[in-house]
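Me: I have a model open and want to learn how to read its helix packing. Can we start from one residue and work outward?

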Amino acid sequence: MLTKIYENLIVKTICRIMIPFIQIYALYVIAHGHYSPGGGFQGGVILAAALALIFLAYGQEPVVRRLTPNLALSLCGIGVFIYAGTGLLCLLSGGNFLDYARLAPILGVAIPRARSLGIFGVEIGVGLAVMTAMYSIIIDVAGNSASPDRHAASSSPENLNNNAEPAA
Amino acid sequence: MLTLSHLISAGDFAINDICAIVLIIGGLFFFFTSTIGLLRFPDLYSRMHATGKGDTLAVLLIVSGAICHHGVNLNSAKLLLIAIFIFIANPTGTHAIARAAYRCGIKPWLKNADLKAEERIDQ
């Protein structure tokens, strides 16, 4: 949890309102990647930004409780596996790496639809990997364990008095 | 002599284009003034006062101009969402930065910085 001095009702409330919309927008960016600007990387970064916003507004504990760093690293590997697995599936069915047209018999759809679905699968994998990698970096760089001394110093009582309300 | 009514009747500009031009020029004016404030004001709080308010209004005006240009369709609905979220997020960010600066002990700029607070009140 954040110490009392860093808590801010306005920022917490606005984050609570905004974060679902940020995440839906990230899913829109991922899903629309193949015919509008965006894609897996951009959507994954927006998802990680939503997690960073929770981290900034509410502190480390609520974020880590929802997505532990170990689970994040596992999901990062799963994302890379989805990406590479889609490519290898094309390779195994006789095409080049990421040659989505070869997925048409497997998925049971026409070739243009198979291309669209193949790109979609790759983007889901990239989005998952990017989100969790960014999240791991944020936790490693800005987590509480990174600088315990500084947090303890800035919330000490002397510092509180210095920053009290100025004389009117 | 070219007047507004000539422009409308000539068909060169539709009325929504004229609204878009007026709104976007207004937005550019507020961007200009807030940038001057950012460059010329003395300390963090007054600079944030200029940019936090000016940029929010300027972005709203420019997005409104783009909505007027597009008319009523899906693109203008997306632009309306951009306007709503900037209207919520920009003041919140300004508030958070100013509060963090205040909590870090950055002193506001004062005209006679060498005087004590009590002496300044006496003047």
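Reply: Start with L51(A), which touches V63(A) and Y135(A), leaving out residues up to four places away in sequence. Contact means C-beta atoms, placed from the backbone, within 7 Å. This is a predicted model: local features need pLDDT of at least 70, side-chain atom pairs count only at pLDDT 80 or more, and totals for chains, interfaces and linings use all residues. Residues are numbered from 1 along each chain as its sequence is written, while chains are lettered from A and ligands numbered from 1 in the order written.

Me: Which residues of helix 2 of chain A are buried?

Reply: Buried means 20 or more other C-beta atoms within 10 Å of the residue's own, again placed from the backbone. In helix 2 of chain A, L47(A), A48(A), L51(A) and F55(A) are among them. Their cover includes helix 1 (9-31), helix 3 (60-66) and helix 6 (111-142) of chain A.

Me: At what angle do helix 1 and helix 2 of chain A pack?

Reply: Fit axes to C-alpha atoms over the stretch in contact; angles run from 0 to 180 degrees between N-to-C directions. Here the angle is about 170°, with the axes 8 Å apart. That makes helix 1 of chain A roughly antiparallel to helix 2 of chain A (over 145 degrees). Contact residues include I19(A) and I22(A) of helix 1 and I46(A) and L53(A) of helix 2.

Me: How many residues does the largest nonpolar core have?

Reply: A nonpolar core joins buried Ala, Val, Leu, Ile, Met, Phe, Trp, Tyr and Cys residues through C-beta atoms within 7 Å. The largest has 23 residues. L47(A), A48(A), L51(A), M131(A) and Y135(A) have the most contacts inside it. Helix 6 of chain A gives the most to this core, with 11 residues.

Conventions:
Buried ≥ 20, exposed ≤ 12 C-beta atoms within 10 Å, placed from the backbone. Helix = DSSP H or I, 4+ residues; strand = E, 2+ residues; numbered from the N terminus. Contact = placed C-beta atoms within 7 Å. Parallel < 35°, antiparallel > 145°, perpendicular 65-115°, else oblique.
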